[in-house]
Amino acid sequence: MADTKLTKEFTLLNKYGMHVRPAGLFSKLASGFDSKIEVEKDGNIVSGKSIMALMTLEATCGSVLKVTAEGEDAEEALQALEDLVLRKFDIPDEQ
Amino acid sequence: MQHIPGKGSEEGVSFTLADFLKAGEKELSLTVHTGKKGLNHEVLVPIMNRPGLALTGFFEHYAWDRLQVFGNAEVAYLRATDEYTHYTRLKGLFERKTYCVICTNGIKPPPKSIALAKEYGAVMMSTPMPTSKFTYQSAFVLEKLGAPRTSIYGTMLEVNGLGVMIEGDPGLGKSETALGLIKRGYSLIADDLTCIRKDVANNCLFGSASQSTAGFMEIRGIGIMHVPSVFGISAIRGEKRLQLVLTFKRLAEVKGEIDRIGQTRRVRTILGVDIPNIIIPVSEGRDLVNLVETATYQQKLIMSGFNPVEVLSERLRCRAEEQPKGKRAKNG
């Protein structure tokens, strides 16, 4: 039962970047997976399951997030998180 | 400079003159005269140097990599020299890679030094502060800027005057415990992510919240809370020395690891500093707020020199010694 560790880079596309709502949606989605999820920006690494920690990254529109998932559902987790970022978090006024 | 989460460095952080200027904005009242471009220069050795001896022409051991301070003495000496010497000595200073000169006492930088600084891309600053006060204050600013720092997944509070960090896996109730402690009148320092700075001179650690989220915490089910608005301003505080780390662990995970006596002194090493550490087994029905509070009382007692285990051992030993004699005395 080898745990997979995958890394993908996402660019934030929504207008205001990783503020409260996106951080909330991101952490909620990430928490649904068993994998350990970490988000890195400019060398700062935080847990992708913590809303407060995600906000400390101060990522803005255009920022590149390096997301690492480690666990059995790593691939699914990365796919789901990437979709969320690409959909600009489904926030209507930030499309 | 902001606390950077997740960026751990035991050697300390490099910073530029611009960072120094910003960090010392209030305390040092520095004005930049020339060399705005040079502000991106790294502060190589974060110490002030009085280059008096170099100005007399003795450049051996000249500490060019420090920040140079021109006080009354340096400026008076330059004034007393003839024009040629004045120029060559200053030139000598900048030729040796000097990147920052600060004039204290509100002295205007000598015009030649400004021109030379421009030529060599160095920064010329001045402050109205007296030299002694400036060097003293700037030492604090520089120390803070260059301090080794990291961040740790943990919630930090001040409990009974002790800086306590609670760490453990998500979902064990760290934030809920913090909430209970806040309600008992203790103060929150950081929720979820604690920024740690090392005070190298005193070999101790200071914890604080990230500037972007300070004062806020997330409680599952309730959402994001602004702690001082809900509980009052005394419910939060800024930086605090870290004196105790409590690690929450699921009971099933700590079997055999729990010290029933409390005699083994565990430590948690952060940035090379050992902090007393206690593992708190978490299971349903345990009153974590009470446990954390009691752990701090116990820690304070131990720090004061009282060791409950030794006291109890001593009592048992004394009683054991007395008992047979007592029996014999009675029988005899």
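Reader: Which residue does the side chain of Arg237(B) meet in a salt bridge?

Author: A word on the model helps here: it is predicted, so local features need pLDDT of at least 70, side-chain atom pairs count only at pLDDT 80 or more, totals for chains, interfaces and linings use all residues, and side-chain values use heavy atoms, without hydrogens and water. Residues are numbered from 1 along each chain as its sequence is written, while chains are lettered from A and ligands numbered from 1 in the order in which they are written. A salt bridge means a side-chain nitrogen of Lys or Arg within 4 Å of a carboxyl oxygen of Asp or Glu. At 3.2 Å, N to O, the partner of Arg237(B) is Glu158(B).

Reader: How many residues apart in sequence are the parts that Arg237(B) and Glu158(B) tie together?

Author: Helices (H or I, at least four residues) and strands (E, at least two) are DSSP runs, numbered from the N terminus. Arg237(B) belongs to the loop between helix 9 (227-231) and strand 13 (240-241) of chain B, and Glu158(B) to strand 6 of chain B, so in sequence the joined parts are apart by 79 residues.

Reader: Is Glu158(B) buried or exposed?

Author: Buried stands for under 20% relative accessible area, exposed for over 50%, and partly exposed for values in between (1.4 Å probe, protein chains only). Its partner Arg237(B) has 32% and is partly exposed. Glu158(B) has a relative accessible area of 17%, so this residue is buried.

Reader: Which residue is linked with Glu158(B) and Arg237(B) in a network of salt bridges?

Author: Over all chains, the count comes to 17 salt bridges. In one network, Glu158(B) and Arg237(B) are linked with Lys240(B).

Reader: How many residues apart are Arg317(B) and Glu314(B) in helix 11 of chain B?

Author: The side chains of Arg317(B) and Glu314(B) form a salt bridge at 3.0 Å, N to O. An α-helix has 3.6 residues a turn, so residues three or four places apart point the same way. Both residues lie in helix 11 (residues 308-331) of chain B, and about one turn of the helix separates them, that is, 3 residues.

Reader: What is the nearest side chain of opposite charge to the buried Asp199(B)?

Author: Asp199(B) sits in strand 9 (residues 193-199) of chain B. For charge, Lys and Arg count as positive and Asp and Glu as negative, with His and the chain ends not counted. Asp199(B) is buried yet has no salt bridge; 5.3 Å away, the nearest side chain of opposite charge is Arg197(B).

Reader: Which side chain makes a polar contact with the side chain of Asp199(B)?

Author: A polar contact is a pair of N or O atoms within 3.5 Å; within protein, one must be able to donate a hydrogen and the other to accept it, and residues adjacent in sequence count only if both atoms are side-chain atoms. The side chain of Asp199(B) reaches the backbone nitrogen of Ala201(B) at 3.3 Å. Its side-chain partner, at 2.9 Å, is Asn202(B).

Reader: How wide an arc do the buried residues of helix 7 of chain B cover?

Author: In helix 7 (residues 131-146) of chain B, which has 16 residues, the buried ones are Thr131(B), Phe134(B), Ser138(B), Val141(B), Leu142(B) and Leu145(B). They sit on the same side of the helix because around the axis their arc (taken from the directions from the helix axis to the C-beta atoms) is only 100°.

Reader: Which residues are exposed on the other side of helix 7 of chain B?

Author: The cover over the buried residues of this helix includes helix 1 (17-23) and strand 6 (149-159) of chain B. On the other side of helix 7 of chain B, the exposed residues are Ser132(B) and Tyr136(B).

Reader: Which residues is Ala23(B) in contact with, leaving aside its neighbours within four places in sequence?

Author: Ala23(B) is part of helix 1 of chain B, and its relative accessibility of 29% makes it partly exposed. Contact means heavy atoms within 4.5 Å. Leaving aside neighbours within four places in sequence, the contacts of Ala23(B) are Val141(B) and Leu145(B).

Reader: What is the phi of Ser29(B), which is not a glycine?

Author: Most residues other than glycine have a negative phi. Ser29(B) lies in the loop between helix 2 and strand 1 (31-34) of chain B, and is partly exposed at 31% relative accessibility. Its phi is positive, at about 35°.

How values were computed
Expected span 1.5 Å × (residues − 1).
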